[in-house]
Amino acid sequence: MTEEWISLGQLGKPFGLKGFLRLNVRETVLSEIALPIDLRLKKPDPQFPEKKIQLLEIQKHSGKFIVRLDGITTPEEAERLVGATLFLPKRMLPNISVPDEFYVSDLIGLRARNESGQPLDWILKDVQENPAHEILVFSRPNQEDVLVPFVGAFVGTIDLKQKTILLIQPEVWDEI
């Protein structure tokens, strides 16, 4: 059986002189993960093969995270990893016990429905970070994607068991 891996975030610019890197976090569970931990590192560059790497240290810095990876000890070594994504085995994620909180990876693939409960032919394919709020990106067959702000005025109940997400006034976003 193939293990499922989820994106923790993307590595940003080097930080300091010891090979630390900024991490643009996708999932905010980093402070709960026991270290060291083996992750996968992948870059969109075909010349950069996917590889295993060990996460040794995580620090909060100015509301963000910086990380230290095994074998990366200089800013020059860190620079080569900028733009890479770190992946964590999904089984390593702590369980969420707070209602209405989800891992982004759990939302991908949800099917949209309108306020009447009618299914829309929209499937959630991504959640994009935005300074004000996240943006839900829905794909539609043979049409452009639909972007919906992830705020209470436009998003209702999320049902992970039924794999559905209620959209309030989806027709507004269908016209944009």
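The following dialogue examines the salt bridges and domains of a predicted model.

Student: How many salt bridges does the structure hold?

Tutor: A pair counts when a side-chain nitrogen of Lys or Arg lies within 4 Å of a carboxyl oxygen of Asp or Glu. Among the pairs are Arg 68 with Glu 57 and Asp 145 with Lys 125. The total for the structure is 5.

Student: Which residue shares a salt bridge with Arg 40 at 3.4 Å, N to O?

Tutor: Arg 40 belongs to strand β3, residues 37–42, and its partner sits 10 residues away in the loop between β3 and β4. The separation of 3.4 Å, N to O, satisfies the limit of within 4 Å. The partner is Glu 50.

Student: Are Arg 40 and Glu 50 buried, partly exposed or exposed?

Tutor: Buried means under 20% relative accessible area and exposed means over 50%, with partly exposed in between. Arg 40 has a relative accessible area of 29%, and Glu 50 has 39%. Because these values fall between the two cut-offs, Arg 40 and Glu 50 are both classed as partly exposed.

Student: Which residue is linked with Arg 40 and Glu 50 in a network of salt bridges?

Tutor: Arg 40 and Glu 50 meet through their side chains in a salt bridge. The network that contains them also includes a lysine, namely Lys 42.

Student: How many residues apart in sequence are Arg 68 and Glu 57?

Tutor: The closest N and O atoms of Arg 68 and Glu 57 are 3.0 Å apart, and the two residues form a salt bridge. Arg 68 lies in strand β5, residues 64–69, and Glu 57 in strand β4, so the pair ties together parts whose separation in sequence is 11 residues.

Student: What is the relative accessibility of Glu 57?

Tutor: Its salt-bridge partner, Arg 68, is partly exposed at 28%. Glu 57 also counts as partly exposed, and its relative accessibility is 24%.

Student: Which strands are linked by the salt bridge between Asp 145 and Lys 125?

Tutor: The closest N and O atoms of this pair are 2.6 Å apart. Asp 145 is partly exposed at 34%, and Lys 125 is partly exposed at 43%. The two residues are 20 residues apart and belong to distant parts of the chain, Asp 145 to strand β10 and Lys 125 to strand β8.

Student: What distance separates the centres of domain 1 and domain 2?

Tutor: The domain assignment gives domain 1 as 5–92 and domain 2 as 104–173. Taken over C-alpha atoms, the separation of their centres is 29 Å.

Notes
Residues are numbered from 1 along each chain as its sequence is written. This is a predicted model: local features need pLDDT of at least 70, side-chain atom pairs count only at pLDDT 80 or more; totals for chains, interfaces and linings use all residues. Side-chain values use heavy atoms; hydrogens and water are left out. Helices (H or I, at least four residues) and strands (E, at least two) are DSSP runs, numbered from the N terminus. Buried means under 20% relative accessible area, exposed over 50%, partly exposed in between (1.4 Å probe, protein chains only). Domain bounds come from an automatic or database domain assignment.
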